[in-house]
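Here are a few notes to read alongside the structure. I have kept each point short, so you can look up the residues as you go.

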Amino acid sequence: MAVHPVPTVRYLAGLITLALAVALAQDPFETARQAMVENQIVSRGVQDARVLEAMRTVPRHQFVSPDRAALAYGDYPLEIGFGQTISQPYVVAYMTELLQPQPEQVMLEIGTGSGYQAAVLAELVAQVYTIEIIPELGESARLRLEQLGYQNIQVRIADGWFGWPEAAPFDGIIVTAAAPQIPPPLIEQLKPGGRMVIPVGPPLGAQNLVLVEKAADGTVTTRTLLPVRFVPFVRGP
Ligand code: SAH
């Protein structure tokens, strides 16, 4: 009996096309996201394999309005409304790596914004608490994170200056708005052995990313890492 290879080849080609179409329909930005990690993050020296994996996983385009989705994987911050922005992908990855996130840890974020940084952390630690001062942003981030299936993130609408005392102490704290000084309640809510990453400086002036470490004996040290530009940390009424 003659065997015709052609139909098999056609069948396989059809299957592959279908699989590709399904993959693209699921996430048309998969390729852009992988390129973002290689070209912007790995190339600038972020090495933590779990952090890189989280950056490869979280669908950044879902954290901006649909008309900006095509820009979501670019090498710049993105507007999210109310004069606020999500940091550039590299800055998110760099700050996350500085926290040295471990699977069993609990972390606090001040400045939920779109929820993107919280989602990246949620891929890496057991529980994330995040505080946003603009109610509309906090509400939409909460909804978005819920729709994306994140079950280990709690969003609170409040002035993050005071931290989240009921959930403290935290293994790590990340602040994504520039404060004129490090809020003392946040230092207090850091576990011995914990780390905080915070941009410090005036709203429009020279800001620096600062790493705060609390030693096992409670001694606090700070290290200035690099100049940055963040939206201002504002105070509640
Ligand atoms: N991490 C966010 C980016 C946030 S931009 C993301 O991944 O999308 C900084 C955010 O900090 C803004 O949404 C701003 O409203 C918020 N913010 C500023 N001051 C704050 C404060 N005192 N408490 C809580 N959030 C604050």
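1. A good place to begin is Arg156, whose charged end sits over the ring of Trp164, 4.2 Å from the ring centre. Please keep in mind that this is a predicted model. Trp164 also has aromatic company: together with Tyr129 and Phe170 it forms one aromatic cluster.

2. There is another arginine placed over a ring. Arg60 lies over the face of Tyr116, and the distance to the ring centre is 5.0 Å.

3. How many aromatic pairs does the structure hold? There are six. One to look at is Trp161 with Phe233: the ring centres are 6.1 Å apart and the planes stand at 70°, which is over the 60 degrees required, so the pair counts as edge-to-face. Trp161 belongs to the loop between β5 (153-157) and β6 (170-175), while Phe233 is in the segment after β9 (220-228), so this pair ties together parts that lie 72 residues apart in sequence.

4. Are these two rings buried or exposed? Trp161 has a relative accessible area of 14%, and because the cut-off for buried is under 20%, Trp161 is buried. Phe233 is buried as well, with a relative accessible area of 11%.

5. Now for the strands. β4 (residues 127-132) and β5 run parallel and are joined by five bridges. Glu132, for instance, has Ile157 in β5 as its bridge partner. Between the two strands the chain passes through helix α6 (residues 135-147), and this β-α-β crossover is right-handed.

6. Which residues come nearest to the ligand? Of the 26 residues around the ligand, they are Glu109, Ser114, Glu132, Gly160 and Val234. Glu132 is thus worth a second look, as the residue that is also bridged to Ile157.

7. Some ligand distances may be handy at the bench. An oxygen atom of the ligand is 2.6 Å from an N or O atom in the Ser114 side chain. For Asp159, a side-chain N or O atom is 2.9 Å from a nitrogen atom of the ligand. At Ile133 the backbone takes part instead: one of its polar atoms is 3.2 Å from a ligand nitrogen atom.

8. Finally, have a look at Arg33 in helix α2 (residues 30-42). Despite its charged side chain, Arg33 is buried, with a relative accessible area of 2%. What does the side chain of Arg33 make a polar contact with? The partner is the side chain of Glu30, at 3.0 Å.

Notes
Residues numbered from 1 in each chain as written. Predicted model: local features only at pLDDT ≥ 70, side-chain atom pairs only at ≥ 80, totals over all residues. Heavy atoms only, no water. Phe/Tyr/Trp six-rings, centres within 6.5 Å; stacked < 30°, edge-to-face > 60°. Helix = DSSP H or I, 4+ residues; strand = E, 2+ residues; numbered from the N terminus. Buried < 20%, exposed > 50% of the residue type's maximum accessible area, 1.4 Å probe, protein only. Lys NZ or Arg CZ within 6 Å of the ring centre and 35° of its normal. Pairing = 2+ DSSP bridges. Right-handed = clockwise from strand over helix to strand, strands pointing away. Near = heavy atom within 4 Å. Polar contact = N/O pair within 3.5 Å; in protein donor to acceptor, adjacent residues only side chain to side chain.
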